[in-house]
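Trainee: Could we go through this model together, starting with the ligand and then moving on to the empty spaces?
Mentor: Gladly; let us bring it up on the screen.

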Amino acid sequence: MSVTHTYTLANGYKIPVVGFGTWQSKDGEEAYNSVKWALESGYRHIDTAEAYGNEDSIGRAIKDSGIARKDLFITTKLWGTNSYEEASAALEKSLKDLQVDYVDLFLIHWPNPKAFRPDFVTRNANIWKAMEDGVKAGKVHSIGVSNFHERHLLPLLEVAEIKPVVNQILVNPSDQQLGIVEFNKAHDILTEAYSPLGTGKIFGVKELQDLAKKYGKSVAQIVLNWQLEKGYLPLPKSIHAERIAQNVDIFDFKLEAGDVEQIDGLHGKAGLAKNPDEVDF
Ligand code: A2P
């Protein structure tokens, strides 16, 4: 396996097994340089979102790289949209900011932002229709969701003409969200793991530090290797060149079964995922 090795989505499209995360990478130099370094390190899968506010910088870094569009996998997400029209307009804006004719993957970022929470089922059905039309118009290859639990996915699956092929959720040793992962699997939905390093909190876990010593690897490399071992698709984020490179130098070792089990058992050691129904946004 390598950074360009792929999983195959339920619709046949291929997706590189590690993506580059850009949540909390500031627009401007920071996002531009981190994506530039990621592409130089071999990443071909870049994950962003309208809500990250950095699509413009990422678009420039991608363009300046000179890498052929067909060799890249680009994901973005919809945030504050509540209607077919708003979702269609958001897609156009993302395409423009990213300077691309299509995105590989387009996700509903949050199942029920607070403003739309009482009516989230109708809201998601309406914006899904716009996303499906994006697929039919060739502006999107695959569509999916993010932060969805079973109770959010079930009503969407009932109305979806084109099925979601990805659910991007927080997954790391401290919260594996196994209920959602199992539901995804049962519906041919690939689980993408955001905050694979617990947004940095994972580095303080003693058991992982010990495993890092045992294998002569960094904690990040241990955790990302474990993510692949479990069949997840991690989206590590960093704004430092050497860490960006380190986070894809993860394919030359295999964790022993007992060590995989030990990592499986680290629930709650470095924070938990938010419940989408309870957040204040
Ligand atoms: P930075 O961006 O300053 O390099 P996650 O991917 O779970 O969101 O975690 C991202 C956090 O972990 C960021 O704070 C990032 O810091 C840090 N990080 C990413 N890769 C590494 C690494 N290889 N070693 C140490 N810290 C890292």
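Trainee: How far does a polar side-chain atom of H240 lie from an oxygen atom of the ligand?
Mentor: Bearing in mind that this is a predicted model, a polar side-chain atom of H240 lies 2.9 Å from an oxygen atom of the ligand. Taken alone the ligand exposes 570 Å², and the protein buries 84% of that area.

Trainee: And what about the side chains of S238 and K237, at what distances from a ligand oxygen do they sit?
Mentor: For S238, a polar side-chain atom is 2.6 Å from an oxygen atom of the ligand, while in K237 an N or O atom of the side chain is 2.8 Å from a ligand oxygen.

Trainee: How many residues surround the ligand, and which are the closest?
Mentor: The ligand is surrounded by 16 residues, and the closest of these are L197, K237, S238, R243 and Q246. By class, that shell consists of six nonpolar, eight polar and two charged residues.

Trainee: Which pocket does the ligand take up?
Mentor: The ligand occupies the space of the largest pocket, whose volume is about 950 Å³.

Trainee: Which residues lie nearest the centre of that largest pocket?
Mentor: Of the 42 residues that line the largest pocket, W23, Q24, Y194, S195 and T199 lie nearest its centre. The elements that contribute two or more residues to this lining are β8 (166–170), α8 (219–229) and α9 (241–246). Sorted by class, the lining of the largest pocket comprises 19 nonpolar, 18 polar and five charged residues.

Trainee: You mentioned Q24; what is its phi?
Mentor: Q24 has a positive phi of about 75 degrees, although this residue is not a glycine, and Q24 is placed in the loop between β3 (20–21) and α1 (29–40). Another non-glycine residue with a positive phi is D188, with a value near 55 degrees; D188 is found in the loop between α6 (178–186) and β9 (190–194).

Trainee: Back to pockets: what is the volume of the second largest one?
Mentor: The second largest pocket has a volume of about 180 Å³. Its lining is made of 14 residues, with K14, P16, K70, L72 and F73 closest to the centre, and the elements that supply two or more residues to that lining are β2 (14–16) and β7 (140–146).

Trainee: How does that lining divide by class?
Mentor: The lining of the second largest pocket divides into five nonpolar, four polar and five charged residues.

Trainee: New topic, then: how many cavities of 30 Å³ or more does the structure hold?
Mentor: There are two cavities of 30 Å³ or more, and the largest cavity contains about 50 Å³ of space. Among the residues that line the largest cavity are W110, N147, H149, I169, L170 and Y194, and the lining as a whole has seven nonpolar, three polar and one charged residue. Y194 was also named among the residues nearest the centre of the largest pocket.

Trainee: Which residues line the second largest cavity?
Mentor: The second largest cavity, with about 40 Å³ of space, is lined by F120, V121, N124, A125, H152, P155, L156 and V159. Here α4 (120–136) and α5 (150–159) are the elements that give two or more residues to the lining, which has six nonpolar, two polar and no charged residues.

Note on methods. Residues are numbered from 1 along each chain as its sequence is written. This is a predicted model: local features need pLDDT of at least 70, side-chain atom pairs count only at pLDDT 80 or more; totals for chains, interfaces and linings use all residues. Side-chain values use heavy atoms; hydrogens and water are left out. A residue is near a molecule or strand if one of its heavy atoms lies within 4 Å of it. A polar contact is a pair of N or O atoms within 3.5 Å; within protein, one must be able to donate a hydrogen and the other to accept it, and residues adjacent in sequence count only if both atoms are side-chain atoms. Accessible areas come from the Shrake-Rupley method with a 1.4 Å probe; for residues, only the protein chains shown count as cover. On a 1 Å grid over the protein atoms alone, a cavity is a set of points where a 1.4 Å probe fits but cannot get out, and a pocket is an open set with protein on both sides within 12 Å along at least five of seven lines; lining residues have an atom within 4 Å of a point. A molecule sits in a cavity or pocket if more than half of its atoms lie within 2 Å of its grid points. Ala, Val, Leu, Ile, Met, Phe, Trp, Tyr, Cys and Pro count as nonpolar, Asp, Glu, Lys and Arg as charged, and the others, Gly among them, as polar. Grid points are joined across faces, edges and corners, and a volume is the space filled by probe spheres set on the points. Helices (H or I, at least four residues) and strands (E, at least two) are DSSP runs, numbered from the N terminus.
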